[in-house]
Amino acid sequence: MAAMPMPTPRSLLLLLLLATPFLLLPHAASASAPTSNPDIDLEYLIKNAGLDDAPAATATDDPEDGAPNFPDLDADYEDDEEDLFGDDDGPEESSHSHSSAADEAHVLLLTAANFTAILAARRHVMVEFYAPWCGHCRALAPHYAAAASALAADGVDVALAKVDATEEHELAQAHGVQGYPTLLFFIDGVPRDYAGERTKDAIVAWISKKLGPAVQNLAAVDDVAVLAFLDHLSGAHSDELAAASRLEDTVSFYQTTSPDVAKLFHIDPEAKRPSVVLLKKEEEKLTVFDGEFRASAIAEFVSANKIPLITTLTQETGPAIFDNPIKKQILLFAVAKESSKFLPIIKETAKSFKGKLLFVFVERDNEEVGEPVANYFGITGNETTVLAYTGNEDAKKFFLSTMFLTKIFLLVNTQEFAQDFLEDKLTPSYKSDPVPESNDEDVKVVVGKSLDQIVLDESKDVLLEIYAPWCGHCQSLEPIYNKLGKYLRGIDSLVIAKMDGTNNEHPRAKPDGFPTILFYPAGKKSFEPITFEGDRTVVEMYKFLKKHAAIPFKLKRPDSSAARTDSAEGPGSSTGPEKSSGSNPKDEL
């Protein structure tokens, strides 16, 4: 997930700019004498690129545009889910917009000044870290407020609070906030992630389960999830069941001693106790636990069996899919009318991998979900597709060959494909635009297929910007980055490049939000690239390159003799290149 880069202090650079005329005065008499500045190129850039060029926004100004990774609906990225599902987000609304549509009388507003005191005063606190411009935060606001009101009305000992992370940067960073909204539940000051659905009912149920009885007694038929048939409603077995319940956030646990209730759920009343079954509303309505009656074993059984054999991806099921501890997924993409041919086969495959792989169906012709998810994976057209995905952390994907997508071969080959996926025997697939026919601009265009040849060329120092066309920060950076490319053109050992991170992938160029700027030193391409985290100005990026370049370089100026004359005449002279060329050097360069 994307860490916010720290700003590079500009005070030294400002002092250098102010001092430059005084440093030049003693040498103004000699046009050929070097200046006292050890880096004449830096002085030249400061004078011509200038600090009056406003830097492109960095993460300290606004959060980075999150990489539209596969839809992690618990905000592993800064609002990537809005981009994936087509919601409109952007820092256009004031902080008031987060609460204007909801009655937040029972939601506490936390800041750095009162955060510690509130958590010390209340044993149970749920905290939402939000951004006023975030579409998902705005959608959550009425549900969050309603949950706070409902819990308060029921007398539940919990406080619901919120933090504007765009105002409270340090507080957000201290708690690892990397996207919006982030929900943390604090018990005695210790946080844990909330990974449930962002609805009032889901939040209330999740908190109630955390604070209520771990196991409920069942005296009649109910809509249950886990049922234990015990000899006694208290004691060692009941304690183990309660401990298992606390390890499992999303499933309710029940216990009974009634043979009649046990029989209703296909438990033999004469069977040896304790017995445990898991019940679902899916095709597999009943699953019997046959392991050792220990909390960890029961929780592991529930985790492996609680989800359907195959889950249809929707806005509602997204959190359950992408927050599941099972990260590796097999995805079936098919249009609705074709799904009935393939779903039974995929479900049959899923039976062999319960607790190991997550099987997901994506309705290809669903505009809300299917289209953006297919685009993320680079799937075009409506052909049925089966792929494996390692999850957002690693983000590798593997395609099952389309030659196997027939009823006859699909079952066997999907099983082999899934097994090879588990054993890391598959070769990953990466997206790439076509290699451009010409690439003569100052900033070279890199695509997935050409990255090895351009970026990983051991004879070149390479600066690579990974951007997204829709990213506002990237759009602000573009003229500055192009200017950098123009100043550094003609340096054979140095390449300034860019890559569209939405259409191109490479294992050695992973964006941590957009834009991400990576530097690959010559002769060291086997090492991880160096991330540029300074102010996005020509001067700051130049200083970064001078510091890290493996091959020393000097600027190749359009007219070096005119530049030297200008330096000798002094910054106030009217006989420099500005006058002789009839234009400002900034415009030329």
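How many helices and strands does the secondary structure of the chain come to? The chain has 20 helices and 20 strands; helices (H or I, at least four residues) and strands (E, at least two) are DSSP runs, numbered from the N terminus. This is a predicted model, in which local features need pLDDT of at least 70 and side-chain atom pairs count only at pLDDT 80 or more, while totals for chains, interfaces and linings use all residues. Residues are numbered from 1 along each chain as its sequence is written, and side-chain values use heavy atoms, with hydrogens and water left out.

**View 1. The whole chain.** Of the 589 residues of the chain, 49% are buried, a term that means under 20% relative accessible area, with exposed over 50% and partly exposed in between (1.4 Å probe, protein chains only). The accessible surface of the chain is about 27,500 Å², and carbon and sulfur atoms hold 52% of that surface. Accessible areas come from the Shrake-Rupley method with a 1.4 Å probe; for residues, only the protein chains shown count as cover. Contact means heavy atoms within 4.5 Å. Among the contacts in the chain with a separation of 6 or more, 74% are between residues 24 or more positions apart.

**View 2. Cys137 and Cys471.** Cys137 is buried, at 0% relative accessibility. Cys471 is also buried, at 0% relative accessibility. Zero disulfides are found in the whole structure, a disulfide being a pair of cysteine sulfur atoms within 2.5 Å.

**View 3. Helices α8 and α10.** Two packed helices are described by the angle between their axes and the distance between the axes. The axes of α8 (residues 236-247) and α10 (residues 295-305) come within 8 Å and cross at roughly 45 degrees. α8 is therefore oblique to α10: angles under 35 degrees count as roughly parallel, over 145 as roughly antiparallel, 65 to 115 as roughly perpendicular and the rest as oblique. Axes are lines fitted to C-alpha atoms, for helices over the stretch in contact, and angles run from 0 to 180 degrees between N-to-C directions. On the α8 side, Glu240, Ala243, Ala244 and Leu247 meet Ala295, Ser296, Ile298 and Ala299 of α10.

**View 4. Ser303 in α10.** Ser303 lies in helix α10. With a relative accessibility of 18%, Ser303 counts as buried. Apart from neighbours within four places in sequence, Ser303 is in contact with Glu248 and Pro325.

**View 5. The loop residue Leu357.** Leu357 sits in the loop between α12 (336-350) and β13 (358-363). Its relative accessible area is 3%, so Leu357 is buried. Outside its neighbours within four places in sequence, Leu357 is in contact with Ile326, Lys328, Ile330, Ala418, Phe421 and Leu422. Leu357 and Ala388 are 31 residues apart in sequence, with 9.5 Å from C-alpha to C-alpha.

**View 6. The loop residue Gln178.** Gln178 is in the loop between α6 (169-174) and β4 (182-187). At 25% relative accessibility, Gln178 is partly exposed. Gln178 and Phe129 are 49 residues apart in sequence, and their C-alpha atoms are 9.7 Å apart in space.

**View 7. Helix α13 and Gly378.** Helix α13 (residues 370-377) is largely enclosed by the rest of the structure because six of its eight residues are buried. These buried residues are Gly370, Pro372, Val373, Ala374, Tyr376 and Phe377. Gly378, just after α13, has a positive phi of about 75 degrees.
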